[in-house]
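Me: I'd like to learn how to read a fold from its coordinates. Could you walk me through one?

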Amino acid sequence: MGEENKAPLVEVRGATKTFPGVVALNQVDFAIRPGEVHALTGENGSGKSTLARVINGSAKPDEGEIYFEGELTTIDTPRQGLDLGVVNISQELTLAPTLTVAENIFLGRLPTSGGRVDWGRLRRDARGVLENIGLDVSETAIVGDLNVELQQMVEISRAFSSEAKLLILDEATSSLSEAATRRLLQLVTDHRDKGVAVLMITHRMAELYAVCSVATVLRDGHLVGTAPLPETSERKLVSMMVGRELDDYYNKREVEQGECVLELDGLESEDGVLRPTSLKVNRGEIVGVAGLVGSGKAELGLVLGGAVKSHGTVKVAGKEVKLGDPRRAIAGGVGFVPDDRKRSALLPNRSVAENFSLPWMRRISNKGILKLQKERREVSQSIKRYGVVTASASNAITTLSGGNQQKVVLGRTFELGGDVLVLSEPTRGVDVGAKSEIYDLLQTAAEDGVGIVLISSELPELLGLADRIVVFFGGEIKGEFTREQMEEEAVAHVAVTGAHADSEEPNNETEGIK
Amino acid sequence: MSSTEDSTAPTPQGAGRRPSLGSLEALSLGRYAGVIVALIAVAAVLTITQSSFLTWDNMKNIIAANSVILILGLGATFVVITAGIDLSTASLMTACSMMLAIAFKSGWALVPAVVLALAFGAAAGWGNGFLIAKGRISFLAVTLGALSIWQSFSLVVQEGQTVSIFSEKAFNPIHELVTNSIGPIPLLLIFDVALILIFGGVLRYTTFGRSLFAIGSNEEAARLSGINVSRVLILVYTIAGLAAGLACLVSVGRLTAGSPTPDPNLLLTVLAAVLIGGTSFTGGVGGVAGTAIGVVFLGVIQNGLTLSNVSSFWQGIVSGSILIIAVGLGVLREKGWSLRRARGANAAVTEGPVR
């Protein structure tokens, strides 16, 4: 494409950044050219976010030089970065939740006339941006009322509607479904063709290969190398990231299935997002749940976890469980891991130990008095069993990487010893190494006879792990695939259209719809 | 799934380890360090400049003058840990004082009168908790309303009159609680320390205490993990009400009367002590030891100003400035700490609970 010949838009030379106790970047060289989509990748803690922060002005390097369009410059604040045309989209949402979508998109650059906000133009402009991006949300909706994915899309709309020379997408797809991701990737290539440079920080191999022409790999703050794509194989890239060869990381194991352990009959959420659904899961079986955002797949998790009110019958190991309250779900043998770790699972200012034992209160206490010895013992065993990397159980949970935080959340739920596990996006925001560990933990649970409902927006994950995939569309199961029938295209087709690619009648899995 | 029972070989922990899981307790000691250093500095200056400062009599004064603040502060600490706040605590204590004094005046015996005052406080607290947890009304609205209600109620019951009970026999034991000593140790100090130990023990050694931290840190995570959030919230406001009842015993004991008009600074002093003690208003962090230190610190400053003959008009300016400085330093430290964490570990930045 000849991009290699163009002068770099941004070039970083010998960047070093240390934080107390850790060298986040060590003499890293990096360059990105206009019209290039450049992947920045590596495991959590490898320094890729720090490098991005150095470029967008939110972190100042201790050593090293930054050249912007060939000129030596300093980018000390995000404001300076923005003025140069460096726009950041991070996984941390930076929206104002109480304002409308339109106000958020144009935050800081509201159209004015005569010193007053021109509300009419704001709405029209916002409408235009949303249509351009293909986001089906009202410009007058309050951002806080939207779900995480739509919020992320609003954030993305804001970035893409600005005059950017360099777009930095820091794990921007981590809370997006397949379809929204595809839309985002389309936007990325559109902007690339207009000469915008795009820096993508991502763990997801599929999207990396879909749009990036070059990948820079960091490990422990060092530059491992810069590799052309798609010439460099995924295997090679992953081994650069982790510093060792990694086998097929799903590592699907055959598990003997037992009797039916979870039976849903006409289960629906009170708000109607989940329409009456019937489903059976056997012991040892991993049932993958696919679907777009708003398809009802996330709602299925919330209903089974007792987080929202519902109707219909649910039997766990033959016994009926009245859902609608997390306590009853847990008592009934359903362990639930919510999709938004930070919002719904972690106690951010408490220790690893307290985060672990949070749902174990009953087990580690007697008449309301905590048995601290027992708690400490069980926590330290669990830390080992689930491979949580932490110096001490009394460290703050936020000192752990995303992958280790997630292992705590999964581990504490697994340890409840329920018959059914309902996992919503269990590997969201988790690096490659931790992912494969989580897949292993999941299959160990299946081998122990637990029935697993795996809700995920990452199709490869479902294809790699599930014994069966059900696909939600419009609040209902519209497709079901056995392991033999699973094909990415076919599953995605049902998720997007609600029907099978060939116009055959949907299978009998729609029986629960009345 | 492996059950826990088959894990028969408990891994022996280092015998020297502290008895609690520690969580952030180790960190919170650092959290107190600034206040403790400041307290020592102030005490040192006062010891040198005021010969009467470091005397046992003066210490007893400080204890007597600050016990009400401490007891209310213990209840307030619980509430603040859940990321809530109880603005009604001081005016509820005044209402309890009126009830106690009226009961004595009407010839009630000691036990029924005390039970009435405590039950009155607890019931009012329960009402706060019920409206907040079940009615989903903002804790600010509920407790601000309650503040106003109990303030007014205290005036209404005796038409603004102070109820003197100095001569009531049944009242004597309460008066003695405030004035008597066992040897050199004032009964009131024993009472205070006992309450600190009870509240601290509840916080550290019970599932209820643990739940307070969990709810304050992330209410949704607590709920999804099976904690009965509304029951815990109702209970915590009930306890804050009970603390108001306990505090009224000391207040009435000292005044030998039920006064319908409380010290207007009382509520602010209580909250200031909790804040200075390192309990975070964003919830999930804190403890009663910190609150006790905060109370002592404010008490010593107050005492020092009085001994130094500084006009009482100045005291608000001094303690207000100290509050802002103390909490401001805490914020700075917290900021530096969390930034370092977030950058260094590439981990998620701490976020307040979603309420």
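Reply: Sure, let's go through a sheet, a helix pair and two domains in turn. Keep in mind that this is a predicted model.

Me: Let's start with the sheet in chain A. In what order do the six strands come, and how are they paired?

Reply: Read across the sheet from one edge to the other. In chain A that gives β18-β21-β22-β15-β23-β24, an open sheet with mixed pairing. At the edges are β18 (334-337) and β24 (476-482) of chain A; each has a single partner strand, so one side of each is left without a neighbour in the sheet. On average, neighbouring strands are turned by 20° against each other, ignoring direction.

Me: Zoom in on one pair for me. In which sense do β23 and β24 of chain A run, parallel or antiparallel?

Reply: Antiparallel: β23(A), residues 468-473, joins β24(A) over six bridges. For a spot to look at, find A:F472, which sits opposite A:I477 of β24(A).

Me: Which strands of the sheet does helix α9 of chain A touch?

Reply: Helix α9(A), residues 297-304, touches β15 (286-291), β18, β21 (420-424), β22 (451-455) and β23 of chain A. Its direction makes about 140° with that of β22(A). Helix α14(A), residues 402-414, packs on the sheet too, touching β18 and β21 of chain A, and its direction makes about 175° with that of β18(A).

Me: Now helices against helices. What numbers describe a packed pair?

Reply: You want the angle between the two axes and the distance between them. In chain B, take α2 (residues 56-81) and α11 (residues 266-276): they pack at about 60°, with axes 9 Å apart. That angle makes α2(B) oblique to α11(B). The crossing is right-handed.

Me: Which residues meet where α2(B) and α11(B) pack?

Reply: From α2(B) come B:I69, B:L72, B:G73, B:A76, B:T77 and B:V80, while α11(B) brings B:T269, B:V270, B:L271, B:A273 and B:V274. Sorted by class, this contact has eight nonpolar, three polar and no charged residues.

Me: Last topic: what domains does the assignment give for chain A?

Reply: Domain 1 covers 3-242, and domain 2 is written in two pieces, 260-347 + 400-512. Taken over C-alpha atoms, their centres are 31 Å apart.

Me: How many residues of each domain of chain A are in contact with the other?

Reply: 20 residues of domain 1 contact 17 residues of domain 2. On the domain 1 side, α5 (148-160), α6 (178-193) and α8 (234-242) of chain A each supply at least two residues. That side has eight nonpolar, eight polar and four charged residues.

Methods
Residues are numbered from 1 along each chain as its sequence is written. Chains are lettered from A and ligands numbered from 1 in the order in which they are written. This is a predicted model: local features need pLDDT of at least 70, side-chain atom pairs count only at pLDDT 80 or more; totals for chains, interfaces and linings use all residues. Two strands pair if DSSP finds at least two bridges between them. Helices (H or I, at least four residues) and strands (E, at least two) are DSSP runs, numbered from the N terminus. Axes are lines fitted to C-alpha atoms, for helices over the stretch in contact, and angles run from 0 to 180 degrees between N-to-C directions. Two residues are in contact if their C-beta atoms, placed from the backbone, lie within 7 Å. Angles under 35 degrees count as roughly parallel, over 145 as roughly antiparallel, 65 to 115 as roughly perpendicular and the rest as oblique. A crossing is left-handed if the near helix is turned anticlockwise from the far one by less than a right angle, and right-handed if clockwise. Ala, Val, Leu, Ile, Met, Phe, Trp, Tyr, Cys and Pro count as nonpolar, Asp, Glu, Lys and Arg as charged, and the others, Gly among them, as polar. Domain bounds come from an automatic or database domain assignment.
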